[in-house]
Amino acid sequence: MACGFAIMVVPSPSEGEPNEARTNASSFGSQATKQQPQPNAASWAGEHTLKRRADGHFYASASIDGASVEMMVDTGATVIALTADDATAAGLYWDDSDVRHIGSGASGAVYGVPTRLREVEIGGMVRRNVSAVIIPEGLGISLLGQSYLSQIGALEIADDQMVMSAD
């Protein structure tokens with residue numbers, strides 16, 4: 001039986017400015033909210049096909065800020081959600097005091113740390129300055145959500161294939 005995950009990030013209006021994860025290299029996280037995606041010719045072209053696995057889900061091999069990350073495609077997730085291990089591999093770090101209620105998932109309240117990813121690449125399709133959350137506990141695999149998927153031109157599912165394409 002296949003099961004799905006979805007994370008919807010709904011900021012609480014009573015909270016102040018969100019803490020963001022930081023990269024080991026710089027303070028990119030705190031500056032990321034002011035930057036806009038910087039498209040270039042190479043970042044907006046391509047097509048990539050994913051095959052459905054035996055568990056009924058689609059998985060993508062991604063490069064996130066230079067780190068290789070296996071992700072489950074979750075069209076119902078608002079943003080990319082990273083496990084603690086994948087976030088650390090991508091050079092992101094956070095303090096336990098940064099973790100806060102960020103939304104609701106299939107199992108209830110979701111706690112994590114909002115961040116921005118410099119670059120996410122899947123099948124040659126690069127997107128920059130992509131919203132994400134780090135889920136330090138309870139997430140078994142990183143999720144590829146709408147903060148990336150909505151930036152590509154089309155996403156089509158037919159039979160056991162998902163075709164991601166961009167012009």
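Visitor: How much area does the chain expose, and what share of it do carbon and sulfur atoms supply?
Guide: In this predicted model, the chain exposes about 8,500 Å². Carbon and sulfur atoms are responsible for part of that area, and their share is 50%.

Visitor: What percentage of the residues is buried?
Guide: Here a residue counts as buried when its relative accessible area is under 20%. The chain has 167 residues, and the buried ones make up 41%.

Visitor: How many helices and how many strands does the chain have?
Guide: Let's take the two kinds of element in turn. The helices come to three. As for the strands, the chain has 13.

Visitor: Where is the confidence lowest, and where is it highest?
Guide: Across the chain the pLDDT averages 80, and 72% of the residues score at least 70. The low end is helix H1, residues 28-32, with a mean of 31. At the high end, with 98, is strand S6, residues 80-83.

Visitor: Which stretch has a pLDDT below 50 and 40 contacts beyond near neighbours in sequence?
Guide: Two stretches are worth pointing out here. Residues 24-44 stay under 50, and the model gives them 33 contacts beyond four places in sequence. The stretch you ask about, with its 40 contacts, is residues 1-18.

Visitor: Which strands form the open sheet of three, and in what order?
Guide: Start from the edges: strand S3 (46-51) and strand S12 (154-158) each pair on one side only. S12 is joined to strand S13, residues 161-166, by five antiparallel bridges, and Leu 155 stands opposite Met 164 in S13. From one strand to the next, the twist averages 15°. The pairing is antiparallel, and the order is S3-S13-S12.

Visitor: How many bridges link S9 and strand S10?
Guide: S9 and S10 form a hairpin with two residues between them, and Gly 123 in the turn has a positive phi of about 55°. One bridge pair is Glu 121 with Val 126 in S10. S10 covers residues 125-135, it pairs with S9 in the antiparallel sense, and the number of bridges is nine.

Visitor: Which residue of S9 stands opposite His 101?
Guide: Strand S8, residues 100-105, runs antiparallel to S9, and five bridges join them. A hairpin through two residues leads from S8 to S9. Opposite His 101 stands Tyr 111.

Visitor: What is the bridge partner of Ser 63 in S9?
Guide: Strand S4 (residues 59-64) pairs with strand S9 (residues 108-122) over two bridges, in the antiparallel sense. In S9, the partner of Ser 63 is Glu 121.

Visitor: Which residues have the most contacts inside the largest nonpolar core?
Guide: This core has 31 residues. Among the elements that give two or more residues to the core are S4, S6, S9, S10 and S13, along with helix H2 (84-89) and helix H3 (146-149). A second, separate core has 10 residues, including Ala 81 and Val 110. In the largest core, the residues with the most contacts are Ile 64, Ile 80, Leu 144 and Tyr 148.

Visitor: What percentage of contacts between residues at least 6 apart in sequence joins residues at least 24 apart?
Guide: Ile 80 offers a way in: leaving aside neighbours within four places in sequence, its contacts include Leu 117, Val 130, Leu 144 and Tyr 148. For the chain, among contacts between residues at least 6 apart, the share joining residues at least 24 apart is 67%.

Definitions and conventions. Residues numbered from 1 in each chain as written. Predicted model: local features only at pLDDT ≥ 70, side-chain atom pairs only at ≥ 80, totals over all residues. Heavy atoms only, no water. Pairing = 2+ DSSP bridges. Helix = DSSP H or I, 4+ residues; strand = E, 2+ residues; numbered from the N terminus. Axes fitted to C-alpha atoms, helices over the stretch in contact; angles between N-to-C directions. pLDDT = per-residue confidence, 0-100. Contact = heavy atoms within 4.5 Å. Buried < 20%, exposed > 50% of the residue type's maximum accessible area, 1.4 Å probe, protein only. Areas by Shrake-Rupley, 256 points an atom, 1.4 Å probe, with all protein chains shown as cover. Core = buried A, V, L, I, M, F, W, Y, C linked by side-chain atoms within 4.5 Å.
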